[in-house]
Amino acid sequence: MNVEQGKKIILFDGVCNLCNGAIQFVIKRDKNDVFRYAALQSEIGQEMIAERGIDTAKTDSIILVAPGLAYYTKSEAALEIAREFGGLWKVLLVFKWVPSSLRDSLYDVVARNRYKWFGRKDQCMIPTPELQAKFLG
């Protein structure tokens, strides 16, 4: 797998409407072109999950991978993504003071109900030609 140096990878549920909306949200705010994207269901997504020994029964909606450094799941992934937006978005980092067990409990409620509340697609999102280079796989 060939990932550009210094890029962070967001693995997301490619059939989840909420997750796809979140990726569109991130793309619009990624002014420094920090992120690349891959569906959890993709070959690359599955490879990255397996390499890190991530249990997708416990984390199946968003994973942030900083190649060679670390990976983040659930609320920690969301906060690390917001950190990269800069500006006023960094205010969200105040939630790092909230115990991760509490943040992740709320995250899990949304993740567990995401298909019911937001729906799902029959197939993974297909990026537009201008966004294709940001998607792996």
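Two strands are taken to pair if DSSP finds at least two bridges between them. In this predicted model, that criterion is satisfied by β3 (62-66) and strand β4 (residues 70-73), which pair in the antiparallel sense over 4 bridges. Within this arrangement I63 stands opposite T73 in β4, while the hairpin of β3 and β4 has 3 residues between the strands and G68 takes a positive phi near 80°.

Strand β3 also takes part in the interior of the model, being one of the elements, together with β1 (8-12), α1 (17-29), β2 (35-39) and α3 (74-85), that each supply at least two residues of the largest nonpolar core. This core comprises 17 residues, and those with the most contacts inside it are I10, I23, V26, F35, Y37, I81 and F135. Helix α1 provides the largest share of the core, with 4 residues. Another core, of 11 residues, lies apart from the largest one and includes I44, M48, I54 and L136. In soluble globular proteins, nonpolar side chains tend to be buried together.

The largest pocket has a volume of about 830 Å³ and is lined by 27 residues, of which I62, S75, A78, L79 and Y107 lie nearest its centre. Helices α1, α3 and α4 (100-118) each supply at least two residues of this lining, and α1 and α3 are likewise among the elements that each contribute at least two residues to the largest nonpolar core. When the lining of the largest pocket is divided by class, 22 residues are nonpolar, 3 are polar and 2 are charged.

Notes: Residues are numbered from 1 along each chain as its sequence is written. This is a predicted model: local features need pLDDT of at least 70, side-chain atom pairs count only at pLDDT 80 or more; totals for chains, interfaces and linings use all residues. Side-chain values use heavy atoms; hydrogens and water are left out. A nonpolar core is a set of buried Ala, Val, Leu, Ile, Met, Phe, Trp, Tyr and Cys residues joined through side-chain atoms within 4.5 Å. Buried means under 20% relative accessible area, exposed over 50%, partly exposed in between (1.4 Å probe, protein chains only). On a 1 Å grid over the protein atoms alone, a cavity is a set of points where a 1.4 Å probe fits but cannot get out, and a pocket is an open set with protein on both sides within 12 Å along at least five of seven lines; lining residues have an atom within 4 Å of a point. Grid points are joined across faces, edges and corners, and a volume is the space filled by probe spheres set on the points. Ala, Val, Leu, Ile, Met, Phe, Trp, Tyr, Cys and Pro count as nonpolar, Asp, Glu, Lys and Arg as charged, and the others, Gly among them, as polar.
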